[in-house]
Each structure stands twice: as structure tokens, then as C-alpha cells.
Amino acid sequence: MKKGRFITFEGIDGAGKSTHIQFVSGMLKQAGIEHIITREPGGTPLGEQLRDILLHQEMSVATEALLMFAARQEHLEQKILPALRQGIWVISDRFADASFAYQGAGKQFSWEKLEQLETWVLGEVQPDLTLLFDLPAKIAEERRSRTHEPDKFEQEKSDFFLRVQAGYLKRAETYPERFRVIDSSQTIAAIQSQIADIIQSMIDT
Ligand code: TYD
């Protein structure tokens, strides 16, 4: 059986991931490709409990990084890898790149320690494709304030999000083969036509 593909969605809060996840899911459905949509932190019962703690309680950034990777360990073992093995595609709303962007770049936690955690938890596993939604931090902030009450991370100041965005771009430079950086200041139609090309070529190969 052919292994499933692993697609992750990343970007600063307010960059529009959620809308585009639904779009990609619709494309896969039309192509008759079985897939699941999941998220981080979260994705498993324990992971969702950790999410609740991570998004609402204050803690040191080291604890935060460890809990993010603890949730990720569960997520990989219980949900992502079993699905991929069965040929099911996995769409994840955030994955390990988010820890580098938020804890690493945003909160200035050691990049090297994050790499150690990544090696430990992920081993050789990397997404097949990462769509990074890139939007000026100022515009993302305006979008967030219009849509919902902010969680712990969303209450951070603008310069935090500038650092997060830079952290994501640094990861994109490190892994150019799996990253596609999408300019999210374009219209939704333009963004989706770009995504459609990327996903279609994945379906065709
Ligand atoms: P997000 O997935 O954007 O959910 P929602 O769309 O419901 O707001 O929120 C999760 C938050 O967790 C987001 O602010 C980024 C943060 N986060 C980290 O700081 N590190 C991580 O490793 C992950 C996966 C998320």
C-alpha cells in the first residue's frame, strides 16, 4: 500500500490557516483521497488536555517547549504515523516548525535544545509538505482582533509576532524542499489557486 502524505499548515496567528485547511480538505475529498485533519498542540485526548494547559496557563518557556513536544510525541505515535501507514493523508494545523517559531524565535528559547527535542521525538519524520502562510504581523494582528478573544499566545505584543514570522522563514530556508511560502496578503482566490497547483501536483505524483 502507498503511504499517506503528511501536510502541515503554519503561520502566525491570523494568517488564515483555518480557511485554507478546509480548502485543501475539499480538494482531497474531490480526488477521493482519504485524509484526516488534526492540530497541534492537541490531536489526541491527552494532547488536547495539554493544549488547554499550554494555551491558558503561564509557565516557563522550557516547560512550554517540553509540553509541546510531549503532546507531539503522543500525536505522532497515536494518530499521525498509524494513519500514514494505512495510506491515509494527514493534514495538521501546526507541527514542529511552530515550536521553533514560537518558543524558539518568539520567546527566544534555545534553538539547539529544540533541535535536540526534534531529533528525539520526530527521528527521521518530517512533513512531506509545509504550507507557510506569510502575512505582515500588523495585518495579522488586525485580523485576530476582529475574529475572536485572544489566547495566551495571541496576547503577545507585535514584536513577538515579528520574531515568530522570522523564525518560520528561517525554518523555510533550512527545509526548502518541503516548505512553500504563501504570500497571504493576496486575495483568497489568488492564494487558493496557488495552493490548488501545489496540492494537485502532489496528488498527481
Ligand atoms: P492555533 O493553532 O493558531 O489555534 P487557534 O486557531 O484556535 O487560535 O493556536 C495554537 C497556539 O499555540 C498558537 O498561538 C501557536 C502556539 N503554539 C506554540 O507556541 N508552539 C507550538 O509548538 C505549537 C504547535 C503551537
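How do the residues of the shell around the ligand divide into nonpolar, polar and charged? There are six nonpolar, two polar and eight charged ones. Keep in mind that this is a predicted model. The legends below start at the ligand and then move on to the pocket, the cavity and two backbone spots.

**View 1. The shell around the ligand.** This close-up has 16 residues around the ligand, and the ones that come nearest are Asp13, Arg72, Ser99, Tyr102 and Gln103. Three helices each put at least two residues into the shell: H2 (45-56), H3 (61-85) and H4 (96-106). H4 is the top contributor here, with four residues. Going by class, charged residues number eight, nonpolar ones six and polar ones two.

**View 2. Polar side chains reaching ligand oxygens.** Start with aspartate 13: an N or O atom of its side chain is 2.9 Å from an oxygen atom of the ligand. Arginine 72 does something similar, with a polar side-chain atom 3.0 Å from a ligand oxygen. Then there's glutamate 154, where the spacing between a side-chain N or O atom and an oxygen atom of the ligand is 3.3 Å. As for how covered the ligand is, it would expose 560 Å² taken alone, and the protein buries 88% of that.

**View 3. The largest pocket, where the ligand sits.** Zoom out a little and you get the pocket that holds the ligand, which is the largest one. Its volume comes to about 550 Å³. The lining runs to 28 residues, and those closest to the pocket centre are Asp13, Lys17, Arg51, Arg94 and Glu154. Two of these names are familiar from the previous view: the side chains of aspartate 13 and glutamate 154 each have an N or O atom paired with a ligand oxygen there. Which helices supply at least two residues each to this lining? They are H1 (17-30), H2, H3, H4 and H6 (137-147). H4 gives the most to the pocket lining, with four residues, and H4 also gives the most to the ligand shell. By class, the pocket lining has 12 charged residues, eight polar and eight nonpolar.

**View 4. The one cavity on show.** Apart from the pocket, the structure holds one cavity of 30 Å³ or more. The volume of the largest cavity is about 30 Å³. Around it you'll find Gly11, Ile12, Leu132, Phe133, Asp134, Leu135, Gln165 and Tyr168. Strand E4 (129-134) and helix H7 (158-174) are the elements that give two or more residues to this lining. E4 takes the largest share, with three residues. The class split for the cavity lining is five nonpolar, two polar and one charged.

**View 5. A cis peptide bond at proline 41.** Most peptide bonds are trans. The bond joining glutamate 40 and proline 41 is cis, with omega of about -10°. To find proline 41, look in the loop between strand E2 (35-39) and H2. H2 is also one of the helices behind the ligand shell.

**View 6. Arginine 94 and its positive phi.** Most residues other than glycine have a negative phi. Arginine 94 isn't a glycine, yet its phi is positive at about 80°. Where is arginine 94 in the fold's running order of strands and helices? It lies in the loop between strand E3 (89-93) and H4. Arg94 is also among the lining residues closest to the centre of the largest pocket, the pocket in which the ligand sits.

Methods: Residues numbered from 1 in each chain as written. Predicted model: local features only at pLDDT ≥ 70, side-chain atom pairs only at ≥ 80, totals over all residues. Heavy atoms only, no water. Near = heavy atom within 4 Å. Polar contact = N/O pair within 3.5 Å; in protein donor to acceptor, adjacent residues only side chain to side chain. Areas by Shrake-Rupley, 256 points an atom, 1.4 Å probe, with all protein chains shown as cover. 1 Å grid on protein atoms, 1.4 Å probe; cavity = no way out; pocket = protein on both sides within 12 Å on 5 of 7 lines; lining within 4 Å. Sits in = over half its atoms within 2 Å of the grid points. Nonpolar A, V, L, I, M, F, W, Y, C, P; charged D, E, K, R; others polar. Points joined across faces, edges and corners; volume = space filled by probe spheres on them.
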